[in-house]
Structure formats: structure tokens, C-alpha cells
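This report sets out selected features of one protein model, with attention to charged pairs, open and enclosed space, and strand pairing.

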Amino acid sequence: MQLAKKIRIYPTEEQVNVLWELSDKCRVVYNFALADRKDAYDKEKRSVKYTEQQNKLPDFKKRNPEYNVVYSKTLQGILKKLDSSYHSFFTHIKNGDKKARPPNFKGRNYLMTIPYNQSGFKIEDGIITFSHKVSNVPLSFEIGNLAEGLNVKQVEIVNDNPYKARGKFFICIVYDVEIEDTYFDNGIYQAIDLGITKIVTAINTEGKFFEVKTPRPDNYWNQKIDAAKSRRDHCIGVKKRFCKKAGDF
């Protein structure tokens with residue numbers, strides 16, 4: 001099983017500039033890949049897969065050497081994020097979600113999440129360092145012992161408000177956790193009954209009782225409706241009295 005840990009970091013102004021440069025390169029690759037998928041569907045009525053776009057990356061970087069400043073697996077991670085977004089979109093559509101929208105292009109003021117999958121980062125002596133070739137400014141951040149002993153699989157640099165980087169910077173560490181799948185009988189059993197007035201009623205062998213009542217939204221709205229009816233009746237009464245007085249003239 002994989003878990004994630006979110007850690008706040010405090011980049012300097014120079015480091016923020018590096019992050020923006022990396023983000024901009026990732027954003028352009030994301031937009032190119034998105035345009036590639038849209039064109040393939042509009043012209044050929046076919047879906048573009050992640051592997052097809054990943055295989056295009058080496059040639060893209062040869063024709064655009066300025067993108068070599070980004071760690072290679074970071075760009076692959078951007079393509080995977082786009083692929084995941086499409087999978088999520090199609091799943092929502094399949095489930096009948098009419099509000100689902102396909103992935104959109106990212107604007108210049110959007111700070112992309114920068115992924116490092118399995119490599120491109122080093123954690124040593126409470127400091128995490130990320131690979132890049134933008135400048136000589138190191139992307140190194142103190143995290144203490146928060147990643148100590150973890151089987152780290154992926155690290156992402158994120159911002160909780162990616163528009164113009166007004167938010168706070170974090171790193172998200174994804175790590176593996178081994179879970180024992182052996183069955184252990186603790187001798188405690190629980191009986192569950194599904195009902196109408198109560199969603200669930202349960203009791204275990206130790207006599208502990210638990211129940212969840214069915215929500216009654218009508219109890220909330222009845223009060224609102226009664227108050228609205230009362231105001232309406234009051235307005236009608238005032239109108240009748242006014243009309244009666246007006247008829248006396």
C-alpha cells in the first residue's frame with residue numbers, strides 16, 4: 001500500500017525562480033500533449049495513449065534542447081498526470097456525471113506540480129535535494145527526520161495555490177508500506193442490521209451498541225417552509241386590510 005506525507009518547505013526567492021522555470025517547461029509539455037490528444041481525436045477519432053506520447057519525448061527534447069533543464073522523468077510524470085486526468089474524466093462520463101469536463105490548457109500564470117518519480121531526488125541528513133539544470137541554485141530543503149525510514153517512491157513539489165504562486169510550497173512524499181495480509185481472529189463479532197428509520201444498527205459481542213439514524217431533511221425544510229408560509233399569510237392579510245380601507249374612499 002502507498003501512503004503520502006505532505007511537508008512544508010520555504011524556498012528562497014532564487015529557488016522560487018527556478019521552480020517557476022521548471023514549471024513553465026512542464027506546463028508547455030502538458031499543453032503540447034493535450035493539444036496532441038485533442039487533434040488526434042478531432043482528425044482521426046482516436047485516443048492517444050501515454051506510451052505513445054512518452055516515446056515522442058526524446059525527439060521533442062532534441063528539437064528543443066532548452067527542455068533538457070528539466071529532469072527527464074519529471075516530464076514523463078507530467079504526461080502521466082495528463083493521462084490520469086483523462087482516465088478520471090472518462091470514468092465520470094461513464095458514471096453519468098454530466099458536469100464532468102475534460103482537461104484544460106494551463107495558462108502562463110499557473111504553477112505546475114513538479115513530479116520526481118523514483119529518481120531525480122536525494123534525501124540525506126534531513127535534507128532533500130532535487131535535480132535540475134536551470135542554474136547553479138540548488139533545490140535543497142530541510143525536512144528533518146520526516147522521511148527517515150520511509151521507502152520513498154515519488155516526491156512532488158506543489159503549491160496550495162498554483163496561480164501566481166500566492167500559496168505555500170510543499171513537498172508530497174509517496175512511500176510504500178507493507179501490510180500483513182494474515183487473518184487474525186480477535187474473538188469479537190458484530191451484528192449489523194439495515195433499516196428504514198435507522199440506516200444501520202450494530203451491536204458486538206462485548207455489548208457495545210451503535211446506530212445511525214436516517215437523515216430527515218424534511219425536518220429542516222419544514223421549518224423554512226412554515227416560516228415562508230407565515231410571511232405570505234401576513235402579506236395577504238395586510239393586502240386585504242389595505243384594500244378594504246381603500247374601498248371606503
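## Salt bridges within helix α1

K25 is buried, its relative accessible area being 10%, which lies under the 20% cut-off for that class. The model is a predicted one. K25 takes part in a salt bridge with E21, and the closest N and O atoms of this pair are 2.5 Å apart. The two residues belong to helix α1, which covers residues 13-44, and because they are 4 residues apart there, about one helical turn separates them. E21 is partly exposed, with a relative accessible area of 29%. The bridge therefore joins a buried lysine, K25, to a partly exposed glutamate, E21.

A second pair in helix α1 is formed by R27 and D24, whose closest N and O atoms are 2.7 Å apart. These residues are 3 positions apart in the helix, about one turn. R27 counts as buried at 8% relative accessibility, whereas D24 is partly exposed, with a relative accessible area of 24%.

## The salt-bridge network

How many salt bridges does the model contain in total? The count comes to 11. Some of the charged residues form a network: D36, E44, R46, E52 and K56 are linked by salt bridges.

Within this network, E52 and R46 form a salt bridge in which the closest N and O atoms are 3.1 Å apart. E52 is partly exposed, with a relative accessible area of 25%. R46 is also partly exposed, with a value of 30%.

## The largest pocket

The largest pocket holds about 330 Å³ of space. Its lining comprises 13 residues, and those nearest the centre are R37, Y41, S47, Y86 and F90. Helices α1 and α3, the latter covering residues 72-94, each contribute at least two residues to this lining.

Which element supplies the largest share of the lining of the largest pocket? That share, 5 residues, comes from α3. By class, the lining of the largest pocket consists of 6 nonpolar, 2 polar and 5 charged residues.

## The second largest pocket

The second largest pocket has a volume of about 220 Å³. Its lining is made up of V29, F32, A33, D36, Q53, K56, L57, D59, F60, R63 and L79. Two or more residues of this lining come from each of α1 and α2, where α2 covers residues 50-63. The largest share, 6 residues, is supplied by α2.

In terms of class, the lining of the second largest pocket has 6 nonpolar, 1 polar and 4 charged residues. Two of its lining residues, D36 and K56, also belong to the salt-bridge network that includes E44, R46 and E52.

## The enclosed cavity

The structure holds 1 cavity of 30 Å³ or more. About 40 Å³ of space lies in the largest cavity. The residues that line this cavity are L19, L111, M112, I114, I157, V158, N159 and F169.

Strand β6, residues 151-159, provides the largest share of the cavity lining, namely 3 residues. Which classes of residue make up the lining of the largest cavity? It divides into 7 nonpolar residues, 1 polar residue and no charged residues. In the two pockets, by contrast, charged residues are present: the lining of the largest pocket has 5, and that of the second largest pocket has 4.

## A three-stranded sheet

Strands of a sheet pair through backbone hydrogen bonds, in either a parallel or an antiparallel manner. In this model, an open sheet of 3 strands shows antiparallel pairing in the order β8-β9-β10. Its edge strands are β8, residues 190-194, and β10, residues 209-213, each of which pairs on one side only. From one strand to the next, the twist averages 10°.

Strand β9 covers residues 198-204 and runs antiparallel to β8, to which it is joined by 5 bridges. Which residue of β9 is the bridge partner of A191? The partner is I203.

Terms used: Residues numbered from 1 in each chain as written. Predicted model: local features only at pLDDT ≥ 70, side-chain atom pairs only at ≥ 80, totals over all residues. Heavy atoms only, no water. Pairing = 2+ DSSP bridges. Axes fitted to C-alpha atoms, helices over the stretch in contact; angles between N-to-C directions. Salt bridge = Lys/Arg side-chain N within 4 Å of Asp/Glu carboxyl O. Buried < 20%, exposed > 50% of the residue type's maximum accessible area, 1.4 Å probe, protein only. 1 Å grid on protein atoms, 1.4 Å probe; cavity = no way out; pocket = protein on both sides within 12 Å on 5 of 7 lines; lining within 4 Å. Points joined across faces, edges and corners; volume = space filled by probe spheres on them. Nonpolar A, V, L, I, M, F, W, Y, C, P; charged D, E, K, R; others polar.
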